[in-house]
Protein chains: 2
Amino acid sequence: MSTSGRGLHGHVLESLGPAITAGEYPPGSVLRTDELAQSFDVSRSVMREAVRVLESMHLVESRRRVGVTVRPKSEWNVYDPQVIRWRLAGADRPQQLRSLTVLRSAVEPIAAGLAAKHATAEQCAELTECALGMVANSRGHRLEGYLIHDMAFHRVILNASGNEMFARLGDVVAEVLAGRTHHEVMFEDPDPAAVTLHVQVAEAVRAGDAVRAESLTREITVGALQELDILAP
Amino acid sequence: MSTSGRGLHGHVLESLGPAITAGEYPPGSVLRTDELAQSFDVSRSVMREAVRVLESMHLVESRRRVGVTVRPKSEWNVYDPQVIRWRLAGADRPQQLRSLTVLRSAVEPIAAGLAAKHATAEQCAELTECALGMVANSRGHRLEGYLIHDMAFHRVILNASGNEMFARLGDVVAEVLAGRTHHEVMFEDPDPAAVTLHVQVAEAVRAGDAVRAESLTREITVGALQELDILAP
DNA sequence: CAGGAACAAAAAGTCAGACTTATTTGTCAC
DNA sequence: GTGACAAATAAGTCTGACTTTTTGTTCCTG
């Protein structure tokens with residue numbers, strides 16, 4: 001499930017990345033490669049590779065004679081899955097969650113509309129299967145089962161949209177949904193209205209009704225936004 | 001304007017990255033670090049750093065005893081600005097342009113609606129200034145001047161939305177707009193209707209009319225989509 | 001005192017070579 | 001065929017020496 005924990009440099013990243021995104025090193029802080037290498041007990045080569053990756057994420061900037069400078073948050077590659085994961089695990093988790101939910105509310109309705117036009121028969125079948133799975137797990141504290149089908153549902157929609165940019169948001173949406181279930185206050189059972197909406201979206205997509213699919217999905221995302229407002233007004 | 005051309009490893013990236021995104025090495029291809037280092041005439045350390053960056057973009061995967069494998073396009077980090085730039089400069093530029101325009105059509109209307117609620121007085125002023133600049137350059141082959149104000153306009157909207165994920169799409173949108181002017185067939189002068197819409201959006205944002213700002217911006221993005229359909233049906 | 005040129009120090013950048021380790025593949029016995 | 005064992009291979013790691021760029025200081029001059 002996780003990504004780059006392989007290799008020594010990956011281990012360093014998994015420690016240094018979250019520290020930076022959590023604001024442990026505020027923007028403008030200067031790190032020295034040699035000192036970092038010592039503190040992580042790795043060679044300079046390994047540390048340099050880690051710094052290069054952080055640099056490609058625009059988290060830091062490496063300059064001669066000055067060192068490795070932490071960049072302001074506004075320049076970070078906030079769409080990088082790894083950065084998203086680090087931030088979701090750290091201090092500004094709430095802000096990140098809100099940003100991502102707003103992004104969802106913009107993207108998913110359009111994606112659903114496109115899915116209604118482009119979804120294959122197989123994808124339609126998969127979609128109804130997911131919706132049924134959600135219904136089956138919507139009562140009696142079966143949150144894990146519900147979550148799995150929920151994540152799969154939205155992933156299928158995004159893939160079926162036929163847009164590669166949308167498709168790549170599947171992981172992000174899954175992360176948001178998982179976060180809601182695992183970390184935030186989750187009501188005992190999911191909102192029955194939301195479950196119904198998912199079933200209806202599956203129907204609309206199968207029927208090729210783009211307008212209806214878009215509008216129903218918008219209702220789902222509006223619900224997700226309201227849920228956030230309740231938790232953090 | 002460009003990013004990582006600094007250092008030897010950056011130079012290697014600017015050559016190897018576009019080659020991969022252009023499909024010069026099809027998915028599944030296996031590269032060897034040592035051979036690459038030789039062919040680029042750099043040391044292995046430098047080549048390893050370059051490979052690490054490509055790996056963090058999910059363009060390749062490095063495994064022991066097998067080499068550096070090119071990953072399928074569906075796994076690439078297509079939101080990475082560098083990857084976007086490489087793809088826009090290469091073979092699948094049309095597909096990339098279409099994906100990004102669809103993304104715009106999803107994001108920008110919502111962003112405009114949020115901007116109407118959150119924009120500061122300064123941002124409102126900037127916005128009308130941009131719109132006026134577009135009007136002033138809308139006739140008489142002043143495409144460059146028009147483009148500059150167009151890019152600035154959309155960047156202000158995205159920033160004023162108050163959502164960091166939206167804000168980071170400013171560069172992407174700018175790239176799309178610039179591409180349309182520089183590479184695609186651009187009509188002599190911009191569509192007068194589009195110019196008017198921008199002015200009206202600026203007004204709506206200043207007035208705090210979120211619904212109107214969203215709907216007007218949707219008209220703009222619909223126009224952009226239609227423009228694409230005309231060019232590549 | 002201002003301004004600039006020369007110089008010194010600091011940190012990243014680069015290279016080369018030796019060594020380690022994981023993974024695959026092939027082989028041989030059972 | 002299957003299982004274990006051995007060899008080959010390419011990435012991974014470490015170290016030390018060297019280069020290059022940038023910054024800050026010093027000192028000289030107008």
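A residue is called buried here when its relative accessible area is under 20%. By that cut-off, the buried residues of helix α4 in chain B of this predicted model are Gln82(B), Val83(B), Ile84(B), Trp86(B), Arg87(B) and Leu88(B). That is six of the eight residues in the helix, which runs over residues 81-88, so α4(B) ends up mostly covered, given the under 20% cut-off.

What does the covering of the buried residues of α4(B) include? Part of the cover comes from chain B itself, with α1 (7-21), α3 (44-56), α5 (93-118) and α9 (170-182) of that chain all taking part. Chain A pitches in as well, through its α8 (164-167). The buried set of α4(B) is a mixed bag, with Arg87(B) and Gln82(B) listed alongside Val83(B), Ile84(B), Trp86(B) and Leu88(B). At the N-terminal end of α4(B) sits a cap, provided by Asp80(B). A side-chain oxygen of Asp80(B) lies 2.8 Å from the backbone nitrogen of Gln82(B), and Gln82(B) is itself one of the buried residues of the helix.

A second spot where the two chains meet is found at Ser99(A). This serine belongs to helix α5 of chain A, which covers residues 93-118. Is Ser99(A) buried or exposed? Its relative accessibility is 5%, so Ser99(A) counts as buried, the cut-off being under 20%. Leaving aside residues up to four places away in sequence, Ser99(A) touches Asn163(B), Glu164(B) and Met165(B). With one of these, Glu164(B), there is also a polar contact between side chains, at 3.1 Å.

Turning to the strands, chain B has an open sheet of three, in the order β1-β3-β2 and with antiparallel pairing. Its edge strands are β1 and β2 of chain B, each of which pairs on one side only. Between β1(B) (residues 30-31) and β3(B) (residues 67-70) there are two bridges, and in that pairing Val30(B) has Thr69(B) as its bridge partner. On the β2(B) side (residues 60-63), four bridges link the strand to β3(B). Here Glu61(B) stands opposite Thr69(B), the residue that also partners Val30(B). Three residues separate β2(B) from β3(B) in a hairpin, and Arg65(B) in the turn has a positive phi of about 70°.

Chain A has its own open sheet of three strands, again written β1-β3-β2 and antiparallel. Strands β1 and β2 of chain A are the edges, pairing on one side only. Two bridges hold β1(A) (residues 30-31) to β3(A) (residues 67-70), with Leu31(A) partnered by Val68(A). Four bridges connect β2(A) (residues 60-63) with β3(A), and the partner of Glu61(A) in β3(A) is Thr69(A). The β2(A)-β3(A) hairpin has three residues between its strands, and Arg65(A) takes a positive phi near 70° there.

Stepping back to chain A as a whole, the tally is eleven helices and three strands. Along the sequence they come in the pattern α-β-α-α-β-β-α-α-α-α-α-α-α-α. The C-alpha trace of chain A spans about 65 × 35 × 30 Å along its principal axes. Of the 233 residues in the chain, 51% are buried. Among contacts in chain A between residues at least 6 apart in sequence, 65% join residues at least 24 apart. The accessible surface of chain A is about 11,000 Å², with carbon and sulfur atoms accounting for 53% of it. As for charge, chain A carries 24 positive and 30 negative charges, and the mean positions of the two sets are 6 Å apart.

Definitions and conventions:
Residues numbered from 1 in each chain as written. Chains lettered and ligands numbered in written order. Predicted model: local features only at pLDDT ≥ 70, side-chain atom pairs only at ≥ 80, totals over all residues. Heavy atoms only, no water. Buried < 20%, exposed > 50% of the residue type's maximum accessible area, 1.4 Å probe, protein only. Contact = heavy atoms within 4.5 Å. Polar contact = N/O pair within 3.5 Å; in protein donor to acceptor, adjacent residues only side chain to side chain. Areas by Shrake-Rupley, 256 points an atom, 1.4 Å probe, with all protein chains shown as cover. Lys, Arg positive; Asp, Glu negative; His and termini not counted. Charge placed at Lys NZ, Arg CZ, Asp CG, Glu CD. Pairing = 2+ DSSP bridges.
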